[in-house]
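Visitor: I am new to this structure, and I would like to understand the reasons behind the words used for it. Could you take me through them step by step?

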Amino acid sequence: MYNITWRNFLSVLMATSLLGCAGLPVSGTIGGQTIETRVDSEVARYYVANYLAGRHTDPLLDTRIDRAYEQGNGSLPNRADLQKLSADFSVDFAALYLADRIARVPANAWFQSAFRQAYEYTRKAFPQGRMQVPGAADYDVLIVPTYLYKRFPVFTGADLAVPREALHKVGFHCYFVETVDDGPVESNAEIIMAAIRARATSGRRLIVVSASKSGAEVALALSRLGGANTRHVAAWINAVGALQGTPTVDDGLLPDFEFLVGKLNPAGGESMATGRSRQRFDSFNIPPTVFVVNYFGIPTSGNISFFGRKVYSALRKYGPNDGVLLLPDMIFPGGVTLARLGTDHMHMNEHLDIATVALAMTVIEWLKAQDDIWRVQVNEVTQHPPHTAEESNEISTKPAVASP
């Protein structure tokens, strides 16, 4: 048994608070988001305060950072890239570099700008209790909870009760998928497949919302269902998705939770090991008609929460992480990515009602823009029919991601 006294607890709290105050203070802007925090190195401080602001005052450091962008070749850095940048520069530099690269993608920039507008509107209007989202009644929302949602709902928000209530208030038809809270990814995917099929005849389009572990479960479900059984699925919001597992399983950190929540199903934990998860990730084949939104936080060492710091510190050897997952492992390629600066895995629960409604509004706006583009294409084909089978095939499938 554990014997935790108030004195021990306060000692840990004080030590963790002091760790959070370490580092160099910095403020700046990345992709339209303002950040004010502490970072782990001078290069990370310079990168935010000077390099990204256009003040290139250190030729040697500027050359090193320029080279990182050149070697990136315009694509988002992967896990290996960020681990190397962490070694060459620092972990915070790698995290902030990822944030900037995400913001430079045109589709991400459009979505981020639209989300910020929706968030500000929702922040003012939602508390009044009379807010309705235009077009919400045309959508079903399938909410898929995450790991241990039955045992740890209040502190972590794992049952997604707050998003469910918020979406219902603004006019969406919400449905909850009761998965096994410590079950394996594969068996929970079967439950989700049945829930997706059940909404096929409602006459409304479907938006699926997942969080953390359920991200892998939804991705597997959509892949197994395929295009023929997901025609009604308009979008998938992949929030802090554990798509490629978590090193916390590999490093034996998961049993620490048993002290808080009781005995865990080992099969559920094993299904989140990185080796098995990355192999599963390579098999994902989301139908191109499903619009995917990757939504997660990018913290620095200066704004990791008290409850996330232990795991965050343990995972730094792998590169930038959010206190549970490695940052690049939450991105499903081919969708848009919305990253919140200065937020770790636990802090994503802050203002969750406002953020969820704003996300849903932005998704609907994006889908409407896609529909408008599609109608224009159809009208053009009607007026100017294609001359070859190849030309006809080019417009036969609605695009999954097209920057409005």
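Visitor: Which residues form a nonpolar patch on the surface, and about how much accessible area do they have together?

Guide: In this predicted model, the patch is formed by Phe-257, Phe-259 and Leu-260, which together have about 290 Å² of accessible area.

Visitor: Why is Phe-257 called partly exposed?

Guide: The relative accessible area of Phe-257 is 31%, and the term covers values between under 20%, which is buried, and over 50%, which is exposed; Phe-257 is therefore partly exposed. A patch residue needs over 30%, so the 31% of Phe-257 also meets that cut-off. As for its place, Phe-257 sits in the loop between α11 (247-250) and α12 (258-261).

Visitor: What makes up the largest nonpolar core, and which residues have the most contacts inside it?

Guide: That core has 78 residues, and Phe-172 and Ile-298 are those with the most contacts inside it. Helix α16 (residues 352-383) gives the core its largest share, eleven residues. Another core, of 27 residues, lies apart from it and includes Ala-195, Ile-196, Leu-243 and Phe-281.

Visitor: What is Phe-172 in contact with, leaving aside its neighbours within four places in sequence?

Guide: Its partners are Val-133, Ala-136, Tyr-139, Val-141, Leu-167, Ala-360 and Ile-364, where contact means heavy atoms within 4.5 Å.

Visitor: How many of the residues in the chain, as a percentage, are buried?

Guide: Of the 404 residues in the chain, 52% are buried, which means that each of these has under 20% relative accessible area. The secondary structure of the chain comes to 17 helices and eight strands.

Note on methods: Residues numbered from 1 in each chain as written. Predicted model: local features only at pLDDT ≥ 70, side-chain atom pairs only at ≥ 80, totals over all residues. Heavy atoms only, no water. Patch = residues over 30% accessible without salt bridge, like charges linked within 9 Å, V, L, I, M, F, W, Y side chains within 5 Å. Areas by Shrake-Rupley, 256 points an atom, 1.4 Å probe, with all protein chains shown as cover. Salt bridge = Lys/Arg side-chain N within 4 Å of Asp/Glu carboxyl O. Helix = DSSP H or I, 4+ residues; strand = E, 2+ residues; numbered from the N terminus. Buried < 20%, exposed > 50% of the residue type's maximum accessible area, 1.4 Å probe, protein only. Core = buried A, V, L, I, M, F, W, Y, C linked by side-chain atoms within 4.5 Å.
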